[in-house]
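Here are my notes on the model you sent, set out as numbered points. I have kept to what can be read from the coordinates, and I begin with a point on the backbone.

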Amino acid sequence: MSSVRRFTMAAISNSLSLKHGLSLWCPQTGSLNRPNRSSSITFRSFSRCYAAFANENREYVIVGGGNAAGYAARTFVEHGMADGRLCIVTKEAYAPYERPALTKGYLFPPDKNPARLPGFHTCVGSGGERQTPEWYEEKGIEMLYQDPVKSIDTEQQTLTTNSGKLLKYGSLIIATGSTASRFPEKIGGNLPGVHYIRDVADADSLVSSLGKARKVVIVGGGYIGMEVAAAAVGWQLDTTIIFPEDHFLQRLFTPSLARRYEELYQKNGVKILKGASIKNLEADSNGHVTAVKLGDGSTIDADTVVVGIGAKPAVSPFERLGLNKDVGGIQVDGQFRTSIPGIFAIGDVAAFPLKIYNRVARVEHVDHARRSAHHCVKSLLSAQTHAYDYLPYFYSRVFEYEGSSRKVWWQFFGDNVGETVEIGNFDPKIATFWIESGKLKGVLLESGSPEEFQLLPKLARSQPVVDKAKLEKASSVEESLAIVGASLG
């Protein structure tokens with residue numbers, strides 16, 4: 001029924017023929033009709049979009065303008081299916097960019113060569129072409145900036161944006177990412193001087209505050225907290241990081257590993273408060289934040305507060321597509337198809353089958369955003385039928401600005417389950433291995449060589465049997481990697 005309806009819609013379109021809808025459980029084939037370029041399509045620049053369509057019909061629409069959208073656009077171009085056929089609708093004012101830069105190089109002080117657009121548009125983060133706004137124009141991709149989607153009609157296959165624009169889609173890819181978790185307004189979450197980081201505007205606001213700040217308090221001991229604290233050190237600011245957990249990055253680091261990083265931050269002057277809860281944020285007579293009040297009644301002075309307490313999948317207004325109650329996000333299959341034919345979800349917002357560990361996961365990471373975008377679009381445009389087979393990967397790079405006494409760069413692959421073996425003295429290398437039922441499940445390496453880093457995903461995916469007793473006797477990180485590497489056969 002759905003495919004028939006879409007074919008009819010395609011036939012009556014006076015500008016673009018709409019592609020057949022995809023069955024939820026059947027792979028896309030290459031035999032479907034592809035529309036000819038219509039003479040009614042023109043390409044010109046103006047404030048909101050680059051390719052002006054003659055009416056509301058779009059063959060492919062991507063909602064969201066983050067990493068996943070940029071990499072999806074590249075895949076459409078690689079398949080010759082972007083020009084005059086693809087529209088990207090985003091709430092942002094910028095073409096897709098590599099979002100990790102916002103808590104890393106973007107926050108460097110002005111004298112330490114901070115990252116700025118257009119330097120980190122996708123897809124430079126993976127060694128690809130820099131897709132500037134001009135790139136999208138040249139490729140015939142319609143860009144609707146600062147106009148997020150507010151509603152969807154799945155029966156009519158239409159989207160309505162905040163400005164009231166109506167878009168009819170053939171195939172829809174939801175790449176809305178996630179939104180920063182915020183403190184409630186009643187405890188001061190929206191006070192001037194309180195910052196959250198999800199986009200360039202957020203980062204610009206924080207940089208402006210850092211330039212005038214004296215005392216910075218960072219709430220959260222995960223990725224955002226650790227990266228912002230490292231950046232604040234570069235500004236030579238009085239910096240305190242507060243979190244309720246027992247140690248840094250508790251969802252990944254072991255207590256022993258976290259201690260190494262905590263000591264490094266403390267050597268750089270960062271004060272760390274663990275196991276602390278926030279009661280509220282205090283303000284002066286002008287309403288600007290002045291202090292963080294803790295659950296025990298004590299206060300910490302601050303003229304700038306950065307809140308990094310996690311994120312939530314940006315599922316609105318797509319809740320009716322089917323949400324996963326366990327991990328959040330929109331439930332999809334191994335091809336990123338939702339419960340409604342022709343609609344897909346990728347990146348942070350997708351709850352997908354994590355094949356290697358036989359569970360459903362939602363991953364907030366740039367690597368997954370890139371790979372899920374490529375897999376989804378390739379499946380949509382070709383006869384690819386194999387399921388997405390993602391290997392969890394996380395990394396962080398901090399203290400990389402000029403003049404830093406110690407640069408930090410670690411990578412993790414796999415699953416942090418089972419017992420752990422830690423090798424090395426953090427001088428600068430250290431490695432942690434997770435072993436369950438005799439098999440290597442995950443590995444983290446700090447300050448590895450390119451060859452050592454390249455070994456990690458091979459180990460994590462192969463899950464070789466490891467002699468734990470022998471590994472524990474390794475006298476160096478190099479020796480430990482040689483031991484587990486030999487187990488690959």
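1. Between which two strands is the loop that holds F399? In this predicted model, F399 has its place in the loop between β23 (393-398) and β24 (408-414). Its phi is positive, at about 55 degrees, although F399 is not a glycine, and with a relative accessibility of 2% the residue counts as buried.

2. Q463 deserves a look alongside F399, since Q463 too is a residue other than glycine with a positive phi, in this case near 50 degrees. Q463 is found in the loop between α8 and α9, and because its relative accessible area is 15%, under the 20% cut-off, Q463 is classed as buried.

3. Two cis peptide bonds should be checked by eye. One joins L117 and P118, with omega at about 10 degrees, and P118 belongs to the loop between β4 (86-89) and α3 (133-138). Another joins S316 and P317, with omega at about 5 degrees, and P317 sits in the loop between β18 (311-313) and β19 (330-331).

4. As for the chain overall, it has ten helices and 27 strands, and 58% of its 489 residues count as buried. Among contacts with a separation of 6 or more, 63% are between residues 24 or more positions apart.

5. The largest nonpolar core has 134 residues, and those with the most contacts inside it are F76, F253 and W410. Apart from this core lies another, of 18 residues, which include A180, I187, A302 and V305. In soluble globular proteins, nonpolar side chains tend to be buried together. Leaving out residues up to four places away in sequence, F253 touches M226, H247, F248, A258, Y261, W410 and L444.

6. What surrounds T254, in the loop between β12 (238-242) and α6 (255-267)? Not counting neighbours within four places in sequence, T254 is in contact with H247, T420, E422, T432 and W434. A polar atom of the T254 side chain lies 3.1 Å from the backbone nitrogen of L257. T254 counts as buried because its relative accessible area is 12%, which is under 20%.

7. Helices α2 (residues 67-78) and α7 (residues 366-381) have axes that come within 8 Å and cross at roughly 35 degrees, and the crossing is right-handed. On the side of α2 the contact is made by N67, A68, Y71, A72, T75, F76 and E78, while α7 contributes V366, A369, R370, A373, H374, V377, K378, L380 and L381. By class, this contact has ten nonpolar, three polar and three charged residues. F76 is thus named both in this contact and among the residues with the most contacts inside the largest nonpolar core.

8. In helix α10 (residues 477-486), the residues V477, S480, L481, I483, V484 and G485 are buried. Their cover includes the strands β25 (419-423), β26 (430-436) and β27 (439-446), together with the helices α8 (450-462) and α9 (468-472).

9. The pairing of α8 with α10 can be described in more detail. Their axes come within 11 Å and cross at roughly 35 degrees, and this crossing is left-handed. The contact is made by E452, L455, L456 and L459 of α8 and by E478, L481, V484 and G485 of α10, a set with five nonpolar, one polar and two charged residues.

Methods
Residues numbered from 1 in each chain as written. Predicted model: local features only at pLDDT ≥ 70, side-chain atom pairs only at ≥ 80, totals over all residues. Heavy atoms only, no water. Core = buried A, V, L, I, M, F, W, Y, C linked by side-chain atoms within 4.5 Å. Buried < 20%, exposed > 50% of the residue type's maximum accessible area, 1.4 Å probe, protein only. Contact = heavy atoms within 4.5 Å. Axes fitted to C-alpha atoms, helices over the stretch in contact; angles between N-to-C directions. Helix = DSSP H or I, 4+ residues; strand = E, 2+ residues; numbered from the N terminus. Left-handed = near helix turned anticlockwise from the far one by under 90°. Nonpolar A, V, L, I, M, F, W, Y, C, P; charged D, E, K, R; others polar. Polar contact = N/O pair within 3.5 Å; in protein donor to acceptor, adjacent residues only side chain to side chain.
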